[in-house]
Amino acid sequence: MGTFTVDKNLLQDGKPVQIISGAIHYFRLVPQYWEHSLNNLKALGANCVETYLPWNIHQPAPDRFCFTGMADVERFITLAQRKGLFVILRPSPYICAEWEFGGLPAWLLRDASLRVRSSQPAFLQAVERYYAELLPRLVPWQYDRGGPVVMMQLENEYGSFGNDKAYLRALSAMMRQYGVTVPLFTSDGAWQEALQAGSLCNDNVLATANFGSRTAESLDNLDAFQPERPLMCMEFWNGWFNRYGDAIIRRDAEDVGQETSTLLTRASINIYMFQGGTNFGFMNGCSVRGDKDLPQVTSYDYDALLSEWGEPGAKFFAVQRAIHQHAPEIEQSAPVGLLRRAYGTIALNRKVSLFATLPTLSHPVKSPWPLTMEEVGQNYGYILYRCHKAGPGKVEKCRVVDASDRVQFYCNGQHLATQYHEQIGEQIPFTLRESDNVLDLLIENMGRVNYGPRLLSPTQRKGLRGGLVIDLHLEADWDIYPLPLDNIEDIDFSAGWQSQQPAFYEYRFAIDNPADTFLDTRSLGKGVAFINGFNLGRYWHRGPLGYLYIPAPLLRQGENRLVIFETEGVDVGALDLLDEPVYIEVSENTT
């Protein structure tokens, strides 16, 4: 057994050690590719891997935990140890990470009085239920027990959210109670106010900083705030995330290499990201500009050292050179990519409208007034609100009150309006027929905010919070259909299809020797795609992406099944599987 401690330096078995780490999020990669990414991290010359642990993945429901498949963090730690890598774990309740709700589970929002990231007893009790299950799984992997885990994070960028020290101390006590013995750390922006608000230095918790430029200045700030302690950049940002309707953000590789060289002369480093991976399913986060929510894209490529699909780029070699110049004795090697293949055009097999198959997809919740997504026990995806309105036929005006995030309004199956959150509340004219009229509101949860005080906003509760106003009154008597789309086997493709309605489209195609491929989404409008039942994530014609990445392990030798849920009324035909990603040009911010 060894020791890993923090003094004036980071000490491994009493000797100074410099951490050269890269961030790989196991939950953003298929497990079959974890080893490939770790091999390339070793080839870079790193001695450590860092990862967040998202609470919402590991506790998807209050009474259910998940540590299998893409959530098998212990398997990931085991692989890292086999590669001779240290491991830094960040199991804080909140992770940001451009991940849905910053990793906080959506079911917390069922309690309207709960205040996340605070010393409120109700929130701390929820955290403890999670930690009581999680931490005993991590404790045996600590360095002083023969494992590779050398540090764990207490909270993430808390100095950019609050300064509730009682909360931080409660987390620290909880982690120690459940057996965490390795050093704890916080990570914050590299300026005085953020460090002061988010750190717990007087309790022997190491403060680290997150930045991607002005390295010397940032390290000076950290050194002045926490003198006589080791310096570490816990997130050295080498790229950035992307949002719908915005041009892709790129960063010069040589600039990254130069900043890395400067950093290595004084501090330990965690490269964020080494490989970003993919926001599969409905797990993309959402950032904020002013009062405007800006959902992030399915890809978390991040312009990282390895691409979303595991291909080393110019940044890999620039950073590898910087490491070699700093420590030529470190063993390095050539990185490797993964096989990609174009499978060509695949033909449409069957299609069905959402409204036709609705009875097989969802059991309605009846309520006199609308209930939010969380109130009906749903976390992610879509939700449909249906009410009935008698005639006679005349032009009416209605408006949706207080909904998130995107509403599509239908009267008797006819699409009348689509409103994103900036337009929600605007008047919608429509005509009632003489007999019964069916009014449908299809609402998409496009991803909860992952950073800043808007985590506390009522807008993070999704669906219809207010109601539908016709004339001057709110409509009553609703059928509410949860549509998490977690079981697409319930789709009845024999139920019928109608144009200009949300619909499901099925493709079946046979392949030999599965390889990575890319679904070309440029002919589509907006929706999600499933390969062999696995949710690949969202697509949107706004760009900047024109593809969804399909890793080879999700494909089968022989027949495969692709299902598209297209919400924009696009009559989807044949689709293409490519061997390269494709993009949609975005000239300005349009989201």
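The exercises below work through strand pairing and helix packing in a predicted model.

Residues are numbered from 1 along each chain as its sequence is written. Local features of this predicted model need pLDDT of at least 70, side-chain atom pairs count only at pLDDT 80 or more, and totals for chains, interfaces and linings use all residues, while side-chain values use heavy atoms, with hydrogens and water left out.

**Exercise 1.** Determine the strand order of the open sheet that contains β31, and state which strands stand at its edges.

Solution. Strands are DSSP runs of E with at least two residues, and helices are runs of H or I with at least four, both numbered from the N terminus; two strands pair if DSSP finds at least two bridges between them. On this basis 5 strands form the open sheet, in the order β15-β26-β31-β28-β29 with antiparallel pairing. At the edges stand β15 (348-353) and β29 (534-540), and each has a single partner strand, so one side of each is left without a neighbour in the sheet. Neighbouring strands are turned by 20 degrees against each other on average, direction ignored, where axes are lines fitted to C-alpha atoms (for helices over the stretch in contact) and angles run from 0 to 180 degrees between N-to-C directions.

**Exercise 2.** Describe how β26 is joined to β31, and which helix packs on the sheet.

Solution. Strands β26 (residues 503-511) and β31 (residues 558-566) run antiparallel and are joined by 9 bridges, with I511 having G558 of β31 as its bridge partner. Helix α10 (residues 354-361) packs on the sheet and touches β15, β26 and β31, contact meaning heavy atoms within 4.5 Å; the direction of α10 makes about 80 degrees with that of β15.
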